[in-house]
Amino acid sequence: MAECHPVGFQWVMEAKARGATVIHVDPRFTRTSALADLHVPLRAGTDIAFLGGIINHVLENERYFHDYVVAYTNASTLVGEDFVDTEDLDGVFSGLDPEERHYDFSTWQYEGGEVQAASGARYQVAGERVEGKDGSDGPRSGVREAARGEAHGSGGAGITGDFETDETLQHPRTVFQILKRHFSRYTPEMVAETCGVPMETFLRVCELLEENSTPERTSAFVYSVGWTHHTVGVQYVRTASILQALLGNIGRPGGGILALRGHASIQGSTDIPTLFNILPGYIPMLHAESSTDLQTYVAAEKAEKGYWAELGSYLVSLLKAWWGPAATAENEYCFDYLPRLTGSHSSFETVMAQLEGECKGYFLLGENPAVGSANAKMQRLGMANLDWLVVRDFSLIESATWWKDGPEIETGEMRTEDIGTEVFFLPAAAHTEKDGSFTNTQRLLQWHHQAVEPAGDARSDLWFLFHLGRKIRERLAGSTDERDRPILDLTWDYPTKPMPSHPGDDEPEAEAVLAEINGWDGHGTPLSSYQQLRADGSTACGCWIYCGTYADGVNQAARRKPGTEQDWVAKEWGWAWPANRRILYNRASAAPDGTPWSERKAYLWWDADEKKWVGHDVPDFSPTKAPDHVPPEDATGVAALSGTDAFIMQADGKAWLYVPAGLTDGPLPAHYESQESPVDNPLYRQQRNPVRQIEPVVHPADRFQPSGDEPGAQVFPYALTTYRIAEHHTAGGMSRWSPYLSELAPTMFCEVAPELARERGLEHGGWAHVVTARNVIEARVMVTDRMPSLRVAGRVLHQVGLPYHWGPNGLVTGDAANELTSLVMDPNVHIMETKALACDIRPGRRPRGPDRLALVADYHRRAGITERTGLDPAVGGAAGKDGKDGT
Amino acid sequence: MGVKSWMESWPVYRQWADGDPLGRGSAAKSRTSGTLQPRIADADHVTKSVCPFCAVGCGQNVYVKDERVVQIEGDPDSPISRGRLCPRGSSSLQLTTGDAREYAVRYRRPGGTEWEDLDLDTAMDMIAGRVVASRREGWQWEHEGMRVRRTMGFASLGGATLDNEENYLIKKLFTALGAIQIENQARI
Ligand code: SF4
């Protein structure tokens, strides 16, 4: 955190100054470790084993927060008899189809009920509702692959039937007992063996965390892409969620699980998604199978209980925002204008579509895949097969110049003259040159005001999109082709303001776009809450969770009451979605009876005289719902939540220790080794995530390595991880051109322990080259204890650390770490695995020209790599170990 | 210079006379440094902004003089950052005004070996034409017998460095054109 989010880290230091204990769990020693009370280095890719070990410790020693667990989690709920756990299936769950790499989720449901996921794969239930089936015939693979992983947000999820519960937590099929059995093998010994963390250190972490998680005290987890960039990344975060729910650390001040995100508005670009699988506000994109018409779609995707019950209102309001008067009740508010998915269309599949010649044009809007995306060569090969490419950025980044000076030109794999891609580079305006809002990592919208006009041809992306849309509409004007109706009927009449230095080149008003995102009623009056949205076409709203950010016609995101003039929650600085709420699930900050768990941690409480929730924040709950409220039998939507259903997004109002629906790779986390690992899975016979997404990205430039005990794995004997440092930003597009930052961190380097340096003859300050099945790169050697060697599975394992900021262009250059990574993905959210791989490292620079390819080919030969290596099917509980059939 | 002012300009004297015995305060000022002014002193106005690098969202004050940004500093009012910026945030002035920025459209024709100049408006027209053509070529009314009403002809990548309003227009325009391959840095 001190490296990647330095100013955020000041609050960790504030907490430490007040007596908090700071624990840093990370394979490398960083500036965070230097300031922490305890640094715990572990083997990259083993956090589920580590966290699972803590869960086991909490359960075995009864250190969980009993009253919180019983009231606010699904610990007491019974799971159906058909569920079979990893304990009985050698590391996989019931319902696995190993050949298809797919789970049938029906056996994971609660006893006596069917539950709709609040997030993740909601279609698991949706598909059945559409087909009117009992779940035996799940949705087709296209729907499964469509990554509903981000379809979460604020609201509840569907629930039908009556669940059975046992509040004594004793019934063997309660979630609580299942959890106990599931994690029983995650012992301190197993943690030591898997993670390389000595038992004493591990037990010290358990003690510190447990002591600090009580009614009087709370503990927080902070993570970033070190947890998500794995083939089992979503389950890393799930493991932390289970632990935090058991310890009663969610919804309470000082608690929670905080995702620290890397770009200024990466949260905003997820909420208002430039993502294939969702519409604004986490509304699932239409899928061809379940989205034949508006009613069918809403029936399939909405929930019976909680805020997602109003999905129809959110979607119709979005359609009204986009198509205005053209959207009528008769034409289902232009529902049919929306394109449909038939599978996954993440950027990695797009690369494959480019290679196949289907995708011919590409916009790069402030992103640099030629070095920033996994398997950078695949990205460039895809771009080389396009008809046209538009790059909008500040400088001539690698994604703009690969046709001229990319690595493939040097190796002779491509010749500039042969590349048919037409490239447009358009300079972009900076944040100081435009109005607009960023949403930070805590869901906080903050407006930045324009200070000056952009010079030369530099323009905002708002300008670019607006005028591109205008020109396309002009070209198509008068078309009678049904295909062109959506673009011609689109509301695209934003007010503009003149740019004095660019006469005639008007800039659209960003605040007018924010007003549309916020929404208005039939009179054009700005809305103040998403609860005002209607499904009858009387309201328009571009993103329902952002409704309220322009309440009263005031730009709430631009509020800047100084922090020193407010209380510590600072509700008048910017605007947080939803409803300017700063801590989600804050009902859980009070006990079931509505009193604070402790005075020290009081945040929201029930005022019995006033009959409402009061405290420091906006209640994440109906403000007048009494703690003892019991909803009527037939209640639906928000009204169906009881006075203790603190987790309002969930179908049952509970924090989920066990996930009956929503995840594609298991209702509980299990430790799997990364796609490529120098170690055999110590916990299960199943080596890798059996449903990882791999087949769609098989390509000669994306070969995989043997792992663990498989023949050939010893050719790549070291663990490899990638990361960032404070002096650079992501793939370097905004930092490698800066003289100050370049001077601070002038070259690509690798971090290796002294033992590894000795083993391979690496010299501090000298050169080394690092090899995987994809490529070879070179880097300066930093011999340091910061990347310690660990004792794992009875031997010493060395790790190689690589920052991923460099590339061939800019003031300071170096090979990109992403040349080494592959496109294998997590099955829930299509995130690639860049944090845990296996590699070889050798002294000296890498070969130049065709010799570079020859070196990689030689590693392929030595490791016996073929196009099927690493693609082995799952064990399915019976056959030989995953991967034992090797290459 | 009179004897008195000469004496008073002597740092050792000032260390004692000004109660700065360690010479780390006002006594360390020379005549030159005494007349120095911060870059922001004569700025025409200050614009409130937000750091464009990571998602902590530190507040920035952007100082403008003669319609040019002359300095970017941390905003002490921000309850998030309390005036601090990290090395990256502190480099914002270089990022936005440094000579690494391009200000002209560059064009590379198919098979071309060098960049060429191109007028912005012409580039916009050409891009609009390319979008319309690729959209048509990649158009699908149906896929495996199911209505899809979409184009696979073009894709878009990026958004996490952009404003919410910009993301909104990307999603709105490209979805209305039928494109579905819209992605950003959320997965990297
Ligand atoms: S100053 Fe540093 S910590 Fe703050 S937002 Fe910018 S990059 Fe992030």
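Modeller: A definition to start: a residue is buried under 20% relative accessible area, exposed over 50% and partly exposed in between, using a 1.4 Å probe and protein chains only. This is a predicted model, where local features need pLDDT of at least 70 and side-chain atom pairs count only at pLDDT 80 or more, while totals for chains, interfaces and linings use all residues. Residues are numbered from 1 along each chain as its sequence is written, chains are lettered from A and ligands numbered from 1 in the order in which they are written, and side-chain values use heavy atoms, with hydrogens and water left out.

Biologist: Fine, then A:Arg43 and A:Glu673: are they buried or exposed?

Modeller: Their side chains meet in a salt bridge, 2.7 Å from N to O; the rule asks for a side-chain nitrogen of Lys or Arg within 4 Å of a carboxyl oxygen of Asp or Glu. The pair links parts of the chain 630 residues apart, with A:Arg43 in the loop between strand S2 and helix H3 of chain A and A:Glu673 in the loop between strands S22 and S23. Helices (H or I, at least four residues) and strands (E, at least two) are DSSP runs, numbered from the N terminus. As for accessibility, both residues are buried.

Biologist: How many salt bridges are there over all chains?

Modeller: Side chains of opposite charge can pair when their charged atoms come close. Across the interface of chain B and chain A the rule finds 13. Over all chains, the search comes to 55.

Biologist: Which residue of chain B does A:Lys404 meet in a salt bridge?

Modeller: The two chains also share 82 residue pairs in polar contact, both residues at pLDDT 80 or more. That term means N or O atoms within 3.5 Å, where within protein one must be able to donate a hydrogen and the other to accept it, and residues adjacent in sequence count only if both atoms are side-chain atoms. For A:Lys404, the N to O distance is 2.7 Å and the partner is B:Glu114.

Biologist: What is the area buried between chain B and chain A?

Modeller: The contact, meaning heavy atoms within 4.5 Å, takes 116 residues from chain B and 165 from chain A. Buried area is the accessible area (1.4 Å probe) that two parts lose on being put together, summed over both. Carbon and sulfur atoms give 62% of a total of about 12,500 Å².

Biologist: Which strand of chain B does S13(A) join?

Modeller: Two strands pair if DSSP finds at least two bridges between them. S13(A), residues 361-365, has four bridges across to chain B, running parallel, and one of the bridge partners is B:Leu157, set against A:Leu364. The strand of chain B in question is S8.

Biologist: Staying with chain A, how many residues of S14(A) are buried?

Modeller: S14(A) pairs in the parallel sense with S13(A) over five bridges, and with S15(A) over six. A:Trp388 stands opposite A:Gly361, and its bridge partner in S15(A) is A:Glu422. In a regular strand the side chains alternate between the two faces of the sheet. In S14(A) A:Trp388, A:Val390 and A:Arg392 are buried on one side and A:Leu389, A:Val391 and A:Asp393 on the other, so the buried residues come to six of six.

Biologist: Which residue forms a salt bridge with A:Arg848?

Modeller: A:Arg848 counts as partly exposed because its relative accessibility is 37%. Its partner lies 70 residues away, in strand S26 of chain A, and counts as buried because its relative accessibility is 5%. That partner, with its closest atom 2.7 Å away, is A:Glu778.

Biologist: And within that hairpin region, which residue of S25(A) is the bridge partner of A:Glu778?

Modeller: A hairpin of four residues joins S25(A) to S26(A), and the two strands pair in the antiparallel sense over five bridges. Opposite A:Glu778 is A:His769.

Biologist: What separates A:Arg485 and A:Asp489 along helix H21 of chain A?

Modeller: Their side chains meet in a salt bridge, 2.9 Å from N to O. A:Arg485 is partly exposed, since its relative accessible area is 26%. The two are four residues apart in the helix, which means a separation of about one helical turn.
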